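Reader: I have a structure on my bench list and would like to talk through its hollow spaces with you. Could you walk me through them?

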Amino acid sequence: MDHSGHGTMMDLPPFTLGRGLAWSPDPFFLVACLLGLALYGWGVVRLVRRGDAWPVGRTVSFVIGVLSVMLVLCTGLNDYGMVMFSVHMVQHMVISMLSPILILLGAPITLALRALPTAGRDRKGPRELLLMFLHSRFMRIVTHPAFTIPLFIASLYAVYFTPIFDFLMDSKTGHIAMMCHFLAVGLVFFWPIMGVDPGPHRPGYLMRMLELFAGMPFHAFFGIALMMASEPMVQTYKNPPSSLGIDALADQTAAGGIAWAFSEIPSVLVLLALLFQWHRSEERQARRSDRAADRDGDKELEAYNAYLASLNARGH
């Protein structure tokens, strides 16, 4: 299919789920996803051969996360997303709010740090470079809530309500760059909140929940703004190909509804993950306290019993 105009694809038949899910790989994203899966698989195999355990749930989560990227960028959804705002919005929501959560739950950075070999004294290999990057000033800035939350919000309003979106959609390179940006923004936003991988910022569980809910309402407001608009707001989708048989304004309203509804899904997923992590953390803390009590021979309990005995002696 040829790109023309604002990246539009002419003569696409009316959208159906079957046509949307038909295999239509984008070479860039196909290679990137397969490479990500291969590297993750290499890390897991390396740990297993060494006799170390790696949670199956993390592997499953990472694989599903990468496959979700392929689902929206290596199928007909990517073709229809060039000419239908509603389909593009599905792509955007998945790649910025669902895929990042699943990928982060797979703990790829933790896996890399455990799987990569140490370079040895006074030498810097991939593992050492990764650690330097994690502790760099750049990472401290881009994972701070004062940066991630405004970036998360601006990725909606600044991209769609300015000429930036039309400019990026005008070329294949621009479209790839935009999708990479959406994925990167999602990863950076959810990384400190999920707290699975090590990072410069590791706030408490309550603060993570506040960070999560600070960004979500703006997604809902963005969706409502699209739904309530009386004319098409994005030039790219103003004149859809007649072969699609759709109305531009109705398609935009559908896109707004998708953005509005989708804002709830990651909130629930992340909240459940945070509550589970919080529960596990409390359990670990309780086990540590029990082990400490075992090591000191329950001195606190003995001291308390001695105190009670002294009170009893005084009473007599």
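Reader: How many nonpolar, polar and charged residues are in the lining of the largest cavity?

Author: Happy to start there, with the note that this is a predicted model. The largest cavity holds about 50 Å³ of space, and its lining includes His92, Ser96, Ser155, Gly186 and His219. Phe152, Leu156, Phe182 and Val185 also line the largest cavity. By class, that lining has four nonpolar, five polar and no charged residues.

Reader: Which elements give two or more residues to the lining of the largest cavity?

Author: His92 and Ser96 are among the lining residues of the largest cavity, as are Phe152 and Phe182. The elements that supply two or more residues to this lining are H5, helix H9 (145-160) and H11.

Reader: And the second largest cavity: which helix gives the most to its lining?

Author: The second largest cavity has a volume of about 40 Å³. Its lining consists of Phe85, Pro232, Val234, Tyr237, Ala248, Asp251 and Gln252, and by class these are five nonpolar, one polar and one charged. The helix that gives the most, with three residues, is H13 (residues 248-262).

Reader: Let's move to the open spaces. What classes of residue make up the lining of the largest pocket?

Author: The largest pocket has a volume of about 1000 Å³. Of the 32 residues that line the largest pocket, Phe62, Ile103, Pro108, Ile109 and Leu187 lie nearest its centre. The lining divides into 30 nonpolar, two polar and no charged residues.

Reader: Which element gives the most to the lining of the largest pocket?

Author: Several helices share in the lining of the largest pocket: those giving two or more residues include H3 (56-73), H5 (85-105), H6 (108-115) and H11 (172-194). H7 (126-134) and H8 (137-142) also give two or more. The element that gives the most, with nine residues, is H2.

Reader: How many nonpolar, polar and charged residues line the second largest pocket?

Author: The second largest pocket has a volume of about 500 Å³ and is lined by 15 residues. Nearest its centre lie Arg58, Val196, Phe276, Gln277 and Arg280. H14 brings the largest share of this lining, five residues. The classes come to six nonpolar, four polar and five charged residues.

Reader: Now for the packed interior. Which element gives the most to the largest nonpolar core?

Author: The largest nonpolar core has 71 residues. Phe85, Met89, Tyr160, Phe165, Phe190 and Val270 have the most contacts inside this core. The element giving the most to the core, with eleven residues, is H11.

Reader: Leaving aside its neighbours within four places in sequence, which residues is valine 270 in contact with?

Author: Valine 270 is among the residues with the most contacts inside the largest nonpolar core. Setting aside neighbours within four places in sequence, valine 270 is in contact with Ile101, Phe190, Ile193, Met194 and Leu212.

Reader: One last residue: is threonine 118 buried or exposed?

Author: Threonine 118 sits in the loop between H6 and H7. Apart from neighbours within four places in sequence, threonine 118 is in contact with Arg127 and Glu128. Threonine 118 and glutamate 128 are ten residues apart in sequence and 7.2 Å apart in space, C-alpha to C-alpha. Because its relative accessibility is 58%, threonine 118 counts as exposed.

How values were computed
Residues numbered from 1 in each chain as written. Predicted model: local features only at pLDDT ≥ 70, side-chain atom pairs only at ≥ 80, totals over all residues. Heavy atoms only, no water. 1 Å grid on protein atoms, 1.4 Å probe; cavity = no way out; pocket = protein on both sides within 12 Å on 5 of 7 lines; lining within 4 Å. Points joined across faces, edges and corners; volume = space filled by probe spheres on them. Helix = DSSP H or I, 4+ residues; strand = E, 2+ residues; numbered from the N terminus. Nonpolar A, V, L, I, M, F, W, Y, C, P; charged D, E, K, R; others polar. Core = buried A, V, L, I, M, F, W, Y, C linked by side-chain atoms within 4.5 Å. Buried < 20%, exposed > 50% of the residue type's maximum accessible area, 1.4 Å probe, protein only. Contact = heavy atoms within 4.5 Å.
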